[in-house]
Amino acid sequence: MKRRDALRAGAASVLGILSGCRSSSSEAEITDLSSPQAHDLISVLAEIILPETDTPGAKSAGVDQFIIRALNDCHTARERAAFVQGLNEFQKQCRSRFGMPFLQCSASLQLVLVEEADREPFGLWSRIKSRVLRRTHFFRTLKRLTALGYFTSREATTGVVAYEQIPGRWTGCVELKTGQKTWASE
Amino acid sequence: MSSVTENTYDAIVVGSGITGGWAAKELTRHGMKTLLLERGREVYHIKDYPTAINDPWDFEHRLLLTVKLKEASPVQSRCYAFDESTSHFFVNDSENPYVQVKPFSWIRGYQTGGRSLVWGRQCYRFSDLDFEANLKEGIAVDWPIRYRDIAPWYAYVERFVGISGRPESLPQLPDSVFLPPMEMNCVEKHMARRIRETFENRVMIEGRAAHVTVQHLGRGPCQYRNLCARGCPFAGYFSTNSATLPAAQETGNLTLRPFSIVTEVVYDEVKSRAVGVRVIDAKTRRTTEYYSRIIFLNASTLGTTQILLNSVSRRFPEGLGNGSGQVGRNLMDHHFQVGAAGDYEGFPDRYYEGRRPNGTYIPRFRNIDEKTRRRDYLRGFGYQARGKRLGWERAGMTPGVGARFKERMAVPGIWNMWLGGWGECLPYPDNRVWLSKDKVDMWGLPILHVDCSFRENELSMRRDMKNSAAEMLEAAGMKNIRPFDYDSPPGLCTHEMGTVRMGRDPKTSVLNAFNQMHEVRNVFITDGSCMTSSGCQNPSLTYMALTARACDYAVSEMKKGNL
């Protein structure tokens, strides 16, 4: 985190306390994955995980739509509720620390929070929770879906990962060429 | 009378899966006018493979299972081959009920080609180690055949199927007639070398699979897409639809009738023979009888069993040809989903090209002679094994986000190796199925109760399967070795067999050495139900060889006027 951002974060959290729980549309609790708030947040988080560089990022590969579809169609109501709760806790944490909704934070502040969330599932408490309570940390679910949606997208096959629709051959052992990408599917 | 003539054929084959396709091909080839009955819909080769050329992004859930699919098919969706791209080749569980007295996964495909569309394609011969085991150990009954009886028929079907593999001269796993093998990748080659160096009786060989690695009888070659279970537009692997059915149709002797649910075999008490089958048309719901001189039942192990049990007459109150009381008993399936995986830190500069629809195999090495005798269990197991480099799928479990993370996940990761065991299951008379007395399906047919479980012998073997896998990975210098045992229910391996067993004595078995019913000489059964023991090899090749052999016998008996 840059010094300026750290200062801003400190100031913001003071402001946040002062201004109390002023609500705006992006601050409201997410209750429904199909809501614009949920979509905006998921979309930004996915783009932070796999950003646009000289190759497409999560957003332009349509990963946001895929994540919501997968959560709605391929997860149980219980799993969905846990995910939504995770999103809300994440937002709440952001407000209590930085005094503003995640989406209004600067890119570097957002990155701080996302990197923390990324480390959390690897922590002891989270590992116990996922074992005992069978509750997956929302960020782990999000990251898994982001990777799946992205690396199997048409966009990712344009230079990010290697894909051949019809390989036409099997060569068991070849030299790894410089710049060789991982196969999109095996 | 005219409708009787119209509905009369030389032969009727019930079921168009991997063995029904063979029966149809062999019988029509001998000039027999053959009616092939399939209970499900028509699936034409290529035309009816709707997902065959889809790219990964064409699937809206990227092959994740939806809750809706899982709820509609809680059993089928557990099968490894079932996903968004293949679910149309599996039955809807709620429309096809059965009772699981104990957990049993009955995996089914009701369509032309049956499960031959989605099968695993691994092909291994049985040997006399398998055919003599029951007799030597005093288990169940003796097989009425030995390796020499089936060997020429293995070769016969292999020449048509096209099986990729390499001759190894192993007594416990006889060589097939092979097309070129699919070579190992470098971590597999390393593993194979270490196994050979470390263990006296163990080898790791290229998987033997029904893939045409060169063009074969107008099929293939395999394009290494590894999307087989969607149906292959290149006919790169063997299925009824791509191979036996076209061959049967070419003779001009075949009538294929889809949507034909066979409810029973009709037995004529005066003639003392089966005269035909009764069929419900799944579209019109009308019942019709079809007649023939011989009948082949190839409706799958439990499908055939259900038909026999439902075919009651004064002569056979317990089901057709069931004087022995063995119909429905001795249900077996291979036990699997046990083994170990590990990581390998070498070969950072090596990779592979293409998507191989196959892997490697470690043939049985337990109880193959005195030196390998185990005290804790009978029989043995083989491993399917494969090595690969981790790809982007590690992203979900790898810390990091952002541009550098994205770049890192897009290059090949560490090598790993996976070993999964497939173990023999003994025939237990009380692993059995029977017809419900009060529950019927949508066609009014009594549904099956399945009561089947693995026992002490299988559980002891599983401990060894897990430990031996870890031991071999360790010998090969693998790190982070992860033994596993998913304790999966019988049926899930899709190798269910044994409920209409072959044997020498009509008092203790249902079929003779030619898969002919002891008590109904013009009925032949050559699907998995005929198996007297299960071996640990993937069984379809043996079913196919037995089918071709039985057809040859049936035709020669007819020519002699004996049928």
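Visitor: Which stretches of chain B make up domain 1 and domain 2?
Guide: This is a predicted model, where local features need pLDDT of at least 70, side-chain atom pairs count only at pLDDT 80 or more, and totals for chains, interfaces and linings use all residues. Residues are numbered from 1 along each chain as its sequence is written, chains are lettered from A in the order in which they are written, and side-chain values use heavy atoms, with hydrogens and water left out. The domain bounds come from an automatic or database domain assignment. Domain 1 of chain B is 2–122 + 232–333 + 438–451 + 498–559, and domain 2 is 166–207 + 336–423 + 454–485.

Visitor: How many residues does each of these domains of chain B bring to the contact?
Guide: Taken over C-alpha atoms, the centres of the two domains are 33 Å apart. Contact here means heavy atoms within 4.5 Å. Domain 1 of chain B gives eight residues, and domain 2 of chain B gives 16.

Visitor: Which three residues supply 55% of the area that domain 1 of chain B buries against domain 2?
Guide: Buried area is the accessible area (1.4 Å probe) that two parts lose on being put together, summed over both. Between these two domains of chain B that comes to about 860 Å², with 42% from carbon and sulfur atoms. On the domain 1 side, the three that supply more than any other three are B:Q122, B:D333 and B:C536.

Visitor: Now the two chains: what area is buried between chain A and chain B?
Guide: Here 59 residues of chain A touch 52 residues of chain B. Carbon and sulfur atoms give 61% of the buried area, and the total is about 5000 Å².

Visitor: Which residue of chain A forms a salt bridge with B:E353?
Guide: A salt bridge is a side-chain nitrogen of Lys or Arg within 4 Å of a carboxyl oxygen of Asp or Glu. The count is zero between the two domains of chain B, but three between chain A and chain B. For B:E353, the closest N and O atoms are 3.2 Å apart, and the partner is A:R169.

Visitor: Which residue of chain B stands opposite A:V174?
Guide: Helices (H or I, at least four residues) and strands (E, at least two) are DSSP runs, numbered from the N terminus, and two strands pair if DSSP finds at least two bridges between them. Strand β1(A) and β12 (residues 350–353) of chain B pair in the antiparallel sense over three bridges. Opposite A:V174, in β12(B), stands B:Y351.
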